[in-house]
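Subject: Structure handover

Hello,

Here is the structure for you to look over. My notes follow it.

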Amino acid sequence: MRKIILALVALAVMSAVNAQNISSKMYVEALRDSVENDSTNWKAMHKLAQYYKEHSNSHRALFWTEKALGIHQSDTLRRELATCYYNRGYYRQCIDICRSIGLSEQNAEDATALYMIARCYDNMEMVDSALSYQRIVADIDIENQANLISFSKKLISLQSAKVAISYLDRYQELDSMNLAVNNVRAFAYYSAGMPKKAISMYEQLISIGDTCKPMTYYYLGMAYNQRNMRQEAWECLNKANNMLRNNNPVVLARLGITALDIPDYEEDGLENIRKAIELMQPDKEMMFTIYFSLGDYYVTRDVKKGIEYFHMAESYKPNDVNLLYQIGYCYFMAGNEDKEYQYWSRYLESMGEDSDDIVVSSVKNILKKIREKRFMEGKEEKPL
C-alpha cells in the first residue's frame, strides 16, 4: 500500500512539473507572438527578458533587454541591461550604463546600482574604486547586508577595523540578531585589539547557535590569548582544531604556541607546532621549478646568484640530473674547479658512465682533464 501511495505522489509531482513546463512554454510563445505581430511591443520584449533572466539565460535576457531599450528609453530598462552585462562579465559596460542613469549618492533608490558598480570594480580587482562605492552604499543603505559584510572585511584587511565597527554597529541597532553580520562584527573587535568585546560577542554567537564554524572558536581562542587567558584560549583553539580534523596549519600552530604557556601541555604544544610546520611546507615540485628557473635566468647575468638559486632548488630535488649539470656549469663559469668536479661527477654518476648522450660525453672529457690535473697535484690516485 505504501509503495502505491508513493508512486501516486511521484506521478502527481511529475504532472505538476510537466504542467508548469507547458505553462512556461505557452507563456514564452505568447510573448513571441506578440512581438512578431507588433515589432514595437517593448513591454512583451521586457517580459521575455525578465523570463530568461529568471531562468538564468543571460544571453537571451541581454538580447531582449537591448531590443526593448532600442524602442523605449527608460532607467528601469537601463538598470536591467546593466544587470545583464554584469551577469555576462562585461563589467566596464555595466559601469558605464549605471553611470549614464545619473545616480545620486543621497538617493536610497540608487543604492542597488551603486552597489553593482562596486561589485564590478571588485571583479576587475580595482580594490580602491570598489571600496569607495561600497562606502557610498553603506552610507545611504546600511541594510544592504552583502555590501556591509564585504565592505567591513575590506576595511579590516586594510587595518581600519574601527571604521568597520562604526558601520557594523549602525546595522546592529536595526537588527541585533543577524549571525552573519555579528560574526564580522566580532572579528572586527578582535582585529581592533578589543578582546573583551570580541569575547563577549563570540560567546553570544555560540549561545544563539553559531556552533558549526571552527573559525568562531578559533577567534574566540585568539581573543582569550589577547587577554592572556591561556587555558580558555587552549580550550577554544582545541575545539577549532578538532573540527578541522587536525589539518589546518594556522590553527595547529596557534594551539601549539598557546600550549607552551600551560603547565603539562608543553610536549603536546611542541608536537602541534611540528605538525603545523609539516603542513605548511610548500609544494616541493613547484618550489623546485621556481628556483631552477631563477637559477637558469641568472646563469649568464650573475653567476653567483645563479649558483645561489640552483642550491635552493637542490634542497627540494638534490639528485635532479639537469640541476646537477647546471650547478657544475655555474662553478665552471665561476672558476671553482673543486665544486665543478664535485657536481659534474654526481651528474655523470646519475646519467651512467655508459650513456652515449653528447652532453655526457662532453662532461666525461672535462672530468678526465680535471682528474689528470688533480693527479699531477696529488689529489687523485690515478687519472682515468
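The disulfide count is 0 in this predicted model, with a pair of cysteine sulfur atoms within 2.5 Å as the criterion. Two cysteines are worth listing by accessibility. C236 has a relative accessible area of 11% and C330 one of 0%, so both count as buried, the limit being under 20%. C330 comes up again below, in a helix contact.

Helix pairs

Two packed helices are described by the angle between their axes and the distance between the axes. I give both values for two pairs.

The pair α17 and α18 covers residues 303-314 and residues 321-334. The angle between these helices is about 155°, and their axes lie 10 Å apart. Angles over 145 degrees count as roughly antiparallel, and α17 and α18 are therefore roughly antiparallel to each other. Their crossing is left-handed. On the α17 side the contact is made by V303, G306, I307, F310, H311, A313 and E314; on the α18 side it is made by L323, Q326, I327, C330, Y331, M333 and A334. By class, this contact of α17 with α18 holds 10 nonpolar, 3 polar and 1 charged residues. C330, one of the α18 residues in the contact, is the buried cysteine with 0% relative accessible area.

The other pair is α14 (residues 249-259) with α15 (residues 266-280). Here too the packing angle is about 155°, and the axes are 7 Å apart. That angle makes α14 roughly antiparallel to α15. The crossing of α14 and α15 is left-handed. From α14, the residues P249, V250, L252, A253, L255, G256, I257 and A259 take part; they meet E266, G269, N272, I273, K275, A276, L279 and M280 of α15. The contact of α14 with α15 divides into 11 nonpolar, 3 polar and 2 charged residues.

Backbone

Most residues other than glycine have a negative phi, and most peptide bonds are trans. Two residues to check against that are D264 and Q159. D264 sits in the loop between α14 and α15, and its phi is positive, near 75°. The relative accessible area of D264 is 74%, so D264 is exposed. Q159 also has a positive phi, near 60°. Q159 belongs to the loop between α8 (145-157) and α9 (161-174), and at 76% relative accessibility Q159 counts as exposed.

T216 and N183

Which residues does T216 contact, leaving aside its neighbours within four places in sequence? They are N183, Y202, I206 and D210. T216 is part of helix α12 (residues 214-226), and with a relative accessibility of 2% T216 is buried. The C-alpha atom of T216 is separated by 7.9 Å from that of A240, and these two residues are 24 apart along the chain.

N183, one of the contacts of T216, lies in helix α10 (residues 179-191). N183 is buried as well, at a relative accessible area of 14%. Not counting residues up to four places away in sequence, N183 touches T216, Y202, L205, D210 and K213. Y202 and D210 thus appear in the contact lists of both T216 and N183.

Regards

Terms used
Residues numbered from 1 in each chain as written. Predicted model: local features only at pLDDT ≥ 70, side-chain atom pairs only at ≥ 80, totals over all residues. Heavy atoms only, no water. Axes fitted to C-alpha atoms, helices over the stretch in contact; angles between N-to-C directions. Helix = DSSP H or I, 4+ residues; strand = E, 2+ residues; numbered from the N terminus. Parallel < 35°, antiparallel > 145°, perpendicular 65-115°, else oblique. Left-handed = near helix turned anticlockwise from the far one by under 90°. Contact = heavy atoms within 4.5 Å. Nonpolar A, V, L, I, M, F, W, Y, C, P; charged D, E, K, R; others polar. Buried < 20%, exposed > 50% of the residue type's maximum accessible area, 1.4 Å probe, protein only.
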